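Trainee: I would like a close look at how the helices pack in this model. Please take me through the contacts one at a time.

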Amino acid sequence: MYDILIIGAGIVGTGIARELSKYKLNIAVLEKDTDVANETTKANSAIVHGGYDAKEGSLMAKLNVLGNSLYENLCSELSVPFKRNGSLVLAFNDEDIEHLNVLYNRGIINRVPGLEIIDQNRLREIEPNVDEKAIAALYCSSAGIVSPWELAEALMDNAVENGVDLFLNTEVKNIEKSDDIFHVHTTTGIFHGKYVFNCSGVHADIIHKMIAPESFKILPRKGEYFVLDKNQGKRVNQTVFQCPSKLGKGILVTPTVHGNLLVGPNAQDINNRYDVSTATDRLDYIKFKGSHSIKGINFRENIRTFAGIRAESDRGDFIVEESSVKGFFDIAGIKSPGLSAAPAITLAALDLLKASGAHLIRKEEFIAPRKHTLFMQLSPEEKAQKIKEDNRFGRVICRCEMITEGEIVEAIHRPVKATTMDAVKRRCRPGSGRCQGGFCGPRVQEIIARELNEDIKDVILDKANSYILIEELKK
């Protein structure tokens, strides 16, 4: 019997779990996938938006600006990379300049700090590779970039350290309520709880209808991206947008916190909530539009393409509310700027719980998150000491990203264990470089099998049944 059941372990579900773990509550997180942060959270632009784009008075606007302000301290506490690199929205004609003024005025109403419209000369001072046709830009110094999957993993790790139970490979199939208790039927059994948070992303309307009448629909929208090698990462300093359209913020070009260049996304409304395929014609469109903003992008240095699905709702705003069934909370429609707003959404969820009558007692002791080793960022003296303590830190496994065996072993044995190839990759980056695991992959697979004491053939890439090795070839 749990006080709180949280369905979904993306950036919002993990954030709520961590926030509620500060209280004397029995909490369980139910996640259908093999790992946390394995859907929208791992496949987005990784932008912490300033908050000038969201409509005045909307929940998006309020939570975006507040969430942005919380990022620095949160990422510092959790040892997650975050950088306030600023953002630019480019104008190429008079119509675009009118739109910049709309965004600027909206940003002022939304109380976005560090906002100004800059001319062509100032634009080229701060972003020399902007296309010559750009004549002005909206500059927002408070915008930033983050590693969203690392943040979600760190949030969940810290929640588990503080007593939260995480159940992976646990898909919700039905929900019932009797005698003020929710009975959540899953593929691994029935979970009972007093309150339920629906944080299931693109599946939120499906989960909602298991217990309550339909009150919103999720309209999946796919976006595709290029990830370019680090030799392209300094092509821009800020996150560079074009003027947005009704389908979204348009094609952006941005550095990542790990030094790569990200270009995308497009926007395609789809019916299949699992369709993360990419297509040549759509990627060609991203190339064309990205090159329209920043000159000289060498797309031959692409190391990966991917797609993510955004949870658009038919309401056009975030849904953060108690449903018609008391004690069942919908945290839904968390499209962009959902990542930016996530820290504030967790606080709003706490307020919902209090308003519904939950009795909350703060823990006297909250376990602070553990620091994990970033070996290549240590001083020579610290590296020598680390290797002396554990010689596995002296063996580099991933030469593209310079990741040691010691870091991989640490990742495997964090509170939320990394049991798949991609789970290790998301936590400490082996396989994220130019060769995309072509050289280090087999060695990482061996380390996972050894550390988890399992047959190497049972180590999967990511999703359930994504086996890498089937059988040994006969000589």
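Mentor: Here is the helix packing, followed by a short look at one strand. Keep in mind that the model is predicted.

Two packed helices are described by the angle between their axes and the distance between the axes. Take helix α10, residues 405-412, and helix α11, residues 421-428. They pack at an angle of about 110°, and their axes are 9 Å apart. Angles of 65 to 115 degrees count as roughly perpendicular, and α10 and α11 are therefore roughly perpendicular to each other. The crossing of α10 past α11 is right-handed. On the α10 side, Glu407, Ile408, Ala411 and Ile412 make the contact. Val424, Arg427 and Cys428 do so from α11. Of these contact residues, five are nonpolar, two are charged and none is polar.

Now the other pair. Helix α2 covers residues 59-78, and helix α5 covers residues 148-161. Their axes come within 10 Å and cross at roughly 65°. Here α2 passes α5 in a left-handed crossing. From α2 come Tyr71, Leu74, Cys75 and Leu78. They meet Leu151, Ala154, Leu155 and Asn158 of α5. This contact holds seven nonpolar residues, one polar and no charged.

Last, the strand. Six of the six residues of β1, residues 2-7, are buried, so the rest of the structure largely encloses this strand. β1 runs parallel to β12, residues 189-198, with five bridges joining them. Isoleucine 4 has tyrosine 195 as its bridge partner in β12. β1 also runs parallel to β2, residues 27-30, through four bridges. There, isoleucine 6 stands opposite valine 29.

Conventions: Residues numbered from 1 in each chain as written. Predicted model: local features only at pLDDT ≥ 70, side-chain atom pairs only at ≥ 80, totals over all residues. Heavy atoms only, no water. Axes fitted to C-alpha atoms, helices over the stretch in contact; angles between N-to-C directions. Helix = DSSP H or I, 4+ residues; strand = E, 2+ residues; numbered from the N terminus. Parallel < 35°, antiparallel > 145°, perpendicular 65-115°, else oblique. Left-handed = near helix turned anticlockwise from the far one by under 90°. Contact = heavy atoms within 4.5 Å. Nonpolar A, V, L, I, M, F, W, Y, C, P; charged D, E, K, R; others polar. Buried < 20%, exposed > 50% of the residue type's maximum accessible area, 1.4 Å probe, protein only. Pairing = 2+ DSSP bridges.
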